[in-house]
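Biologist: Please take one part of this structure and look at it closely, then show how that part sits among its surroundings. Plain words will do.

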Amino acid sequence: MPRLQIITASTRPGRVGSTVAAWALVEARRHGAFDVEAIDLAEVALPFLDEPQEASTGHYVHQHTKDWSATISRGDACLFVMPMYNGTYSAPLKNAIDFLYDEWQDKPVGLFTYTAGPSGGLPAIEALRPILTRIGFRPAERSVRVPGIGELTGPDGFRAPAGLDGELAGVLDELAKLAADADASPAQV
């Protein structure tokens with residue numbers, strides 16, 4: 001079974017991203033197409049990019065980069081659960097992406113955004129998608145967007161609006177197909 005890494009992209013104290021990602025993790029396990037792993041960028045705690053060589057060389061000198069590389073290398077697809085800050089994606093997410101290169105090549109990726117406002121994070125998706133494509137990810141066409149996140153989170157966690165499980169299932173279906181296509185040998189295609 002392919003491994004899906006659900007990556008919480010917010011590192012702020014008091015963030016709601018971890019509760020949203022926890023909900024996505026439960027739904028992804030229920031979906032059944034993946035072995036699911038949770039990754040929290042707050043726990044990974046990468047510094048700002050500090051490798052002396054470009055990521056495309058694959059020559060990492062710092063242990064935190066080697067550990068990050070090993071973590072991402074064991075995944076077959078990923079789902080970024082990300083807030084929209086000031087109309088775009090978070091700096092910790094971009095930093096985590098920039099540390100690596102080969103590890104992202106042909107990796108299917110889904111985007112799950114949330115925001116306090118009405119857009120649900122669409123501008124963040126629109127800003128990040130071309131970067132992901134340029135690096136070599138294979139972004140899913142579908143995405144999940146949650147507006148009004150402040151009204152959906154509280155002491156009891158994330159209360160998903162009606163139909164959100166179906167939207168996420170559509171993204172997971174697409175990621176499963178992309179992961180299967182990546183694993184297919186030329187004789188199977």
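Modeller: Asn86 counts as exposed, because its relative accessibility is 85% and the cut-off for that word is over 50%. The model is predicted. Asn86 sits in the loop between β3 and α4. Its phi is positive, about 50°, although Asn86 is not a glycine. A second residue with a positive phi is Asp106, which is likewise no glycine and has a value near 60°. Asp106 belongs to the loop between α4 and β4.

That second loop leads to the part worth a close look, the ring cluster. Its members are Trp68, Phe80, Trp104 and Phe137, which are linked by ring pairs. The structure as a whole holds six aromatic pairs. One of them joins Phe80 and Trp104: the ring centres are 6.4 Å apart, the planes make an angle of 75°, and the pair is edge-to-face. Why does this pair tie together parts that are 24 residues apart in sequence? Phe80 lies in strand β3, residues 77–83, while Trp104 lies in the loop between α4 (91–98) and β4 (108–114), so the pair bridges that stretch of chain. Phe80 and Trp104 are both buried.

Phe80 also pairs with Phe137, again edge-to-face, at 6.1 Å from centre to centre and with 70° between the planes. Here the linked parts of the chain are 57 residues apart: Phe80 is in strand β3, and Phe137 is in the loop between α5 (122–135) and β5 (138–139). Phe137 is buried, as is Phe80.

The next step is to see what the rings are packed into. The largest nonpolar core has 27 residues, and Trp68, Phe80, Met82, Leu93, Ile97, Trp104 and Phe137 have the most contacts inside it. At least two residues of this core come from each of α3 (63–73), β3, α4, β4 and α5. Helix α5 gives the largest share, five residues. Phe137 is in contact with Cys78, Phe80, Ile97, Trp104, Lys107, Val109 and Leu132, if neighbours within four places in sequence are set aside. Apart from this core lies another one, of 26 residues, including Val20, Val81, Leu152 and Leu168.

One of the strands that supply the largest core is β4, and Thr113 has its place there. Thr113 is buried, because its relative accessible area is 0% and the cut-off is under 20%. Its side chain reaches the backbone oxygen of Gly120 at a distance of 2.6 Å. Beyond four places in sequence, Thr113 touches Met82, Gly120, Gly121, Leu122, Ile125, Val144, Arg145 and Val146. Met82, one of these neighbours, is also among the residues with the most contacts inside the largest core.

Strand β3, which holds Phe80, also has a strand partner. Five bridges join β1 to β3, and the two run parallel. Within this pairing, Ile6 stands opposite Leu79 in β3. How many of the six residues of strand β1 are buried? Five are, so β1, residues 3–8, is largely enclosed by the rest of the structure. Strand β1 is also joined to strand β2, residues 35–40, by six bridges, and these two strands run parallel as well. Arg3 faces Asp35 in β2. Between β1 and β2 the chain passes through helix α1, residues 17–31, in a right-handed β-α-β crossover.

In the segment before β1 is Pro2. Pro2 counts as partly exposed, with 24% relative accessibility. Leaving out residues up to four places away in sequence, Pro2 touches Ala33, Phe34, Asp35, Asp76 and Ala179. Asp35 thus appears twice, as a contact of Pro2 and opposite Arg3. Along the chain Pro2 and Arg12 are 10 residues apart, yet 30 Å separates their C-alpha atoms. For Ala169 and Arg12 the sequence gap is 157 residues, and the C-alpha to C-alpha distance is 27 Å. Ala169 is in helix α6, residues 164–183, and is partly exposed at 25% relative accessible area.

To return to the part chosen, the cluster consists of Trp68, Phe80, Trp104 and Phe137. Through Phe80, strand β3 is paired with Trp104 in one loop and with Phe137 in another.

Technical notes. Residues are numbered from 1 along each chain as its sequence is written. This is a predicted model: local features need pLDDT of at least 70, side-chain atom pairs count only at pLDDT 80 or more; totals for chains, interfaces and linings use all residues. Side-chain values use heavy atoms; hydrogens and water are left out. Rings of Phe, Tyr and Trp (its six-membered ring) pair if their centres lie within 6.5 Å; planes under 30 degrees apart count as stacked, over 60 as edge-to-face and the rest as tilted. Helices (H or I, at least four residues) and strands (E, at least two) are DSSP runs, numbered from the N terminus. Buried means under 20% relative accessible area, exposed over 50%, partly exposed in between (1.4 Å probe, protein chains only). A polar contact is a pair of N or O atoms within 3.5 Å; within protein, one must be able to donate a hydrogen and the other to accept it, and residues adjacent in sequence count only if both atoms are side-chain atoms. Contact means heavy atoms within 4.5 Å. A nonpolar core is a set of buried Ala, Val, Leu, Ile, Met, Phe, Trp, Tyr and Cys residues joined through side-chain atoms within 4.5 Å. Two strands pair if DSSP finds at least two bridges between them. A crossover is right-handed if, with the strands pointing away from the viewer, the path from the first strand over the helix to the second runs clockwise.
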